[in-house]
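User: Could you take a close look at one part of this model with me, and then show me how it fits into the rest? I am a first-year student, so please explain the terms as you go.

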Amino acid sequence: MPLSQFLASFRHAFEAGRLLKCTLGKPTSVAPDDLKNVYLRPVALKKGLLIAFNYRYKNRDEVKNYDLNESLEHLETMLGKEFLNADLFTPDRDFSLSFSKNGEPVLSSKKASHHIAVDTSHDRIKQRLLDPAAPWLHALGITSANGTVRSDAQDKWRQINKYLEIIESLLRECPLPPDARIADMGSGKGYLTFALYDFLKNRMGFTPQITGIELRPKLVELCNKTAQSADFQGLQFISQDISEFQPERLDMLIALHACDTATDLALAAGVRNKARIIIAAPCCHKQIRKELHTRNELAPVLRHGILEERQAEIITDGIRALLLEAEGYKTSVFEFISTEHTAKNVMITATADEKQQKRGDDRRREALEKVAHLKAGFGIKEHYLEGLL
Ligand SMILES: C[S@@+](CC[C@H](N)C(=O)[O-])C[C@H]1O[C@@H](n2cnc3c(N)ncnc32)[C@H](O)[C@@H]1O
């Protein structure tokens, strides 16, 4: 009964144009892996008024739009099975449905906590992350003078937005202090470094201190000039080798497409300085490729060069993730942007994990045993990161 009453309130609110939002929380073990919440809100599209379901996974968001009947069917399937809690907000009343451990539903309602107008704009999420009119985007060649994204920079723009979505999600999981100290190692022309600063400062309300570390002095000069003209006082770039960087404090370490073992140098710096969040998008994987002498059942397959190359990438990044786990991090490895936009699209994220850290030596031993087993099977003497750690 409480479930059907909740669904009836949802239907009524939507049909009356009074649905502000609905959130599903407390995922059970039946919920898809890494799905933390689902946020629903009305959205006006060409097809009419639909309901956007924003599925918030650990490291990404996925949005699907449904009509009212489909939405009610999805809610009915998920509530009490995949999620134990649902909150419905209207300008008149709030409704809360929760399920006890033995599946008993309870519905409650109270005075409205939100009195805002119903927002049905389609691109609200994207607008929230970055303002395309920001002058630095023009200075770095991503937008034209009137603030529209240039046609030849569409991939870059997509990549920037995806990157910020991932950061937003990691910060929800692993909050940082408002004056977060961040290093972006191998910052290049700085698109992603500027995007991160703008997002943290102007959208999230942080006062971050971000340092871009880059070997090429010309790029460092360009980035510092652009940071000054954008009045980004907490953003600076230095011309230095990653291995020489010694921060006083480091909360987040970023290394995007830093070449080959430069990624390992950056990861080691993150671990050494106890960064709570580490994000790396590896580039080429030459070190392990040269070391591979496969002795396991994959040997007949890996005599083909291209397959060996791909295997080398998998092993390099897989061992990186295991070594981070040995250091007390929770890790994820995933494709952060479609291969259609760039082939360098694997991302490794690591967040300091108190539970893992409490397991101390056991956790370390288990992860290192897995690394040793992999190395033996593929005839690898040493993974560069292992030596650094
Ligand atoms: C492919 S670019 C990536 C730039 C940027 N992170 C991005 O994803 O758009 C890699 C950058 O890392 C820099 N780099 C490589 N090894 C480095 C090292 N050991 N120390 C500092 N910078 C390094 C290179 O000069 C280059 O600009």
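How many of the residues of the shell around the ligand are nonpolar, polar and charged?

Analyst: Happy to help. This is a predicted model, so local features need pLDDT of at least 70 and side-chain atom pairs count only at pLDDT 80 or more, while totals for chains, interfaces and linings use all residues. Residues are numbered from 1 along each chain as its sequence is written.

The shell around the ligand has 11 nonpolar, four polar and three charged residues. Here Ala, Val, Leu, Ile, Met, Phe, Trp, Tyr, Cys and Pro count as nonpolar, Asp, Glu, Lys and Arg as charged, and the others, Gly among them, as polar. A residue is near the ligand if its C-beta atom, placed from the backbone, lies within 6 Å of it. Of the 18 residues around the ligand, the nearest are Gly186, Gly188, Ile242, Leu256 and Ala262. Two or more shell residues come from each of helix H6 (191-203), strand E9 (209-214) and helix H8 (262-272). Helices (H or I, at least four residues) and strands (E, at least two) are DSSP runs, numbered from the N terminus.

Let's follow H6 outwards. Its axis and that of helix H5 (residues 154-173) come within 10 Å and cross at roughly 45°. Axes are lines fitted to C-alpha atoms, for helices over the stretch in contact, and angles run from 0 to 180 degrees between N-to-C directions. H5 and H6 are therefore oblique to each other; angles under 35 degrees count as roughly parallel, over 145 as roughly antiparallel, 65 to 115 as roughly perpendicular and the rest as oblique. The crossing of H5 and H6 is right-handed, a term for a near helix turned clockwise from the far one by less than a right angle, with anticlockwise giving left-handed. Lys156, Ile160, Tyr163, Leu164 and Ile167 of H5 meet Tyr191, Leu192, Ala195, Leu196 and Phe199 of H6. Two residues are in contact if their C-beta atoms, placed from the backbone, lie within 7 Å. By class, this contact has nine nonpolar, no polar and one charged residue.

Now for another helix pair. The axes of helix H10 (residues 305-326) and helix H12 (residues 360-378) come within 8 Å and cross at roughly 160°, which makes H10 roughly antiparallel to H12. H10 and H12 cross in a left-handed way. Among the residues that meet there are Ile315, Ile319 and Leu322 in H10 and Ala367, Leu368 and Phe378 in H12. The contact of H10 with H12 divides into 10 nonpolar, no polar and three charged residues.

Finally, the wider setting. The domain assignment gives domain 1 (2-111) and domain 2 (126-388); such bounds come from an automatic or database domain assignment. Their C-alpha centres lie 34 Å apart. Where they touch, five residues of domain 1 are in contact with eight of domain 2. The side of domain 1 that touches domain 2 has no nonpolar, one polar and four charged residues.
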